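Please look through the model shown below before reading on. The paragraphs that follow lead from one loop residue outward to the helices, the cores and the turns around them.

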Amino acid sequence: MKKSAQYFFRLIALQTVLVTLSYLSHQLSNVTSSLLLYLPLVLGILFIHWFGLKILPVIFINGITTMLIWGVTKFPLKMVMLTTHEAAVALTSWLLYTQLSGNKNFQPFSNTNNFLRFVLLGIVIPICINSIYVYHYGYVRGDMDKVSLFWLSDFITIFPIAICLLYFIQPAKTSGQWTIKFNKPKVSKQAYLELSLVCAVFIALSLLFPFNKYWFIYGIGATFFALRWGFETAIILNVIIFMLSYLLPLFDFASSLLITQGSTQYFSVHLGMSTMMFVSALVGRVVSDLSETERNLKEQKGKAEIMNAELEQKNEELDRFVYSVSHDLSAPLKSIKGLVNISRIEPQQSHIYIDKIDKSVNRLEEFIEEVLDYSRTNRNTIHYEKIELSGLIYDINKKFEFLEGFDKIEFSINLETVFIISDRLLLRIALNNILSNAIKYQKKYKDHKPSITIHAYVSNDEQVIEVSDNGEGIREEYQDKLFNMFYRGTANSSGSGLGLYIAKEAIGRLSGKITLSSTWGQGSSFTIHLPDVK
């Protein structure tokens, strides 16, 4: 019931606006001695594009009301047909543009093609439909010169106002109902300042020169502004020119300006004004399109430069990767081959050499696993899921339980958040490499009690996992290079130097980052920052 009352109230409000404009149009005709400006046609086109077909009855009722305002008291069939002219214009505009042209999302001014399409289908052809009605008016009597003059006046009235309001105030369908959204002009302060100065100049020109002789000055100003500032400024200036030229004389204080006295009867003035408005708006739309294209090209150029820099970096990393892989693969194999030959010469010592071969095989196996992790990090499709952290940490530590010194480490796990939303594979690879380093590079002192602390929490829309140890730590001069490919942070490092690089790449693919805090001789803390995925 409440929604019905609101809907009825809105219809009454819209009807009141239309009737008011009909009355103002009648008053304006008395001031300018002209019947050429009919403002409700503009609002009819606006309303139907904003609210759809349900507004048609309101527009039709206003057509009847207008006849009454203009003194019609009898309504034979022909007069009843003439009262439908507003509804016919609005309906034609809506059908041609939104239905037949396929522009149901209503973006008539997003580019030059859409702008021209709307001008033709949404304004020009509907005005032609209105001219058929005008041809049958009693005071026109089939005079094509008058019909042409009315066509131009309708265009001058509808074009600037409809385009400006439809551009800055657009319909938006939410929850099955039409609402209105306002688009704030993207005009600079300098443009506003220049626009104000031009308006002052135009008013001064109106005082000094007859409009019907020097109307082209307005056209030059509008076109110049369109070239300088683009579409938005052009359509705003067109509305200002329309108001100065046609609406201002409606008020008593403006009668001395003599802007339009007699000028609205000149066909050449109407033709020039309509051409000027269309050309300035078209020029502005083209300039805005070119500016948008230039911005897009600059953005694409910037992206291309970034991609090129990344490609160069990847090529350098690939060269280092190939070199290091060949070295790290061949070194254990050569060691194994040498140990096999020595064991043949000294078979009584073969058990010693077998242990060394086993260590070389483990080293080779570990390196191959890192290479596979590197491949998975860069190629796998990201799949977000709810991950139980305690279970993931347990699985990772299970893998390391046979590492030297693992049984001496005291693990402290503090999980303020039990679950993390992320990609399981990438998170496991990152944590695997960080924990692996924390285990490997513990101090080897007799009295040292190694410990690793894992702390997880959510803060400032971030999922955070901290892995801290009391191991060797990393010297400050090495910390900036620690995440580089194949970089080894300590002299005692026995790894390939891929681990932390892979961890960084994995977290980077998740739109996160890894930070390091370390003091030489006291330990290190690696912190994984991940976006809080809802």
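**From a loop residue to the cores**

Leaving aside its neighbours within four places in sequence, Val-140 is in contact, meaning heavy atoms within 4.5 Å, with Val-134, Tyr-135, Lys-146, Val-147 and Phe-150. Val-140 is found in the loop between α6 (112-135) and α7 (144-168), where helices (H or I, at least four residues) and strands (E, at least two) are DSSP runs numbered from the N terminus. Val-140 counts as buried because its relative accessible area is 3%, the classes being buried at under 20% relative accessible area, exposed at over 50% and partly exposed in between, with a 1.4 Å probe and protein chains only. The C-alpha atoms of Val-140 and Phe-150, ten residues apart along the chain, are separated by 9.9 Å.

The model is predicted, so local features are described at pLDDT of at least 70 and side-chain atom pairs at pLDDT 80 or more, while totals for chains, interfaces and linings use all residues. Residues are numbered from 1 along each chain as its sequence is written, and side-chain values use heavy atoms, with hydrogens and water left out.

For the chain as a whole, the secondary structure comes to 17 helices and nine strands, and buried residues make up 46% of the 534 residues. Among contacts between residues at least 6 apart in sequence, 72% join residues at least 24 apart. The accessible surface, computed by the Shrake-Rupley method with a 1.4 Å probe and, for residues, with only the protein chains shown as cover, comes to about 28,900 Å², of which 59% belongs to carbon and sulfur atoms.

Helix α6, which precedes the loop of Val-140, has 24 residues and reaches 33 Å from its first C-alpha to its last, close to the 34 Å expected at 1.5 Å a residue; the expected span is 1.5 Å times one less than the number of residues. There is nevertheless a kink of about 30° in α6, centred on Leu-120, the bend at a residue being the angle between axes fitted to the seven residues ending there and the seven starting there. At the N-terminal end of α6, Asn-111 acts as a cap, with a side-chain oxygen 3.1 Å from the backbone nitrogen of Asn-113.

Helix α5 (residues 85-100) has 16 residues that should span 22 Å at 1.5 Å a residue, and its end C-alpha atoms are 21 Å apart, which agrees. Why is α5 described as largely enclosed by the rest of the structure? Twelve of its 16 residues are buried, so the helix is largely enclosed; among them are His-85, Glu-86, Trp-94, Leu-96 and Tyr-97. The buried residues of α5 pack against α2 (40-51), α3 (56-69), α4 (77-82) and α6.

In soluble globular proteins, nonpolar side chains tend to be buried together. Here the largest nonpolar core, a set of buried Ala, Val, Leu, Ile, Met, Phe, Trp, Tyr and Cys residues joined through side-chain atoms within 4.5 Å, has 64 residues, and those with the most contacts inside it are Phe-159, Ile-163 and Leu-237. Helix α7 gives the most to this core, with eleven residues. Apart from this core lies another, of 34 residues, among them Ile-434, Ile-452, Ile-454 and Ile-465.

Ile-465 also appears among the contacts of Leu-427, a residue placed in helix α15. Leu-427 is buried, with a relative accessible area of 0%, and, leaving aside neighbours within four places in sequence, its contacts include Ile-387, Leu-392, Ile-420, Ile-507 and Leu-530. The C-alpha atoms of Leu-427 and Ile-387, 40 residues apart along the chain, are separated by 9.5 Å. Asn-432 has its place in helix α15 (residues 424-440) too, and at 5% relative accessibility Asn-432 counts as buried; not counting residues up to four places away in sequence, Asn-432 touches Ile-396, Lys-399 and Phe-400.

Two loop residues call for a look at the backbone. Asp-461, in the loop between β6 (451-459) and β7 (462-469), has a positive phi of about 60° although it is not a glycine, and Asp-461 counts as exposed at 60% relative accessibility. Ser-511, in the loop between α17 (499-509) and β8 (513-519), has a positive phi of about 65° although it is not a glycine, and at 60% relative accessibility Ser-511 counts as exposed.

Notes: Polar contact = N/O pair within 3.5 Å; in protein donor to acceptor, adjacent residues only side chain to side chain.
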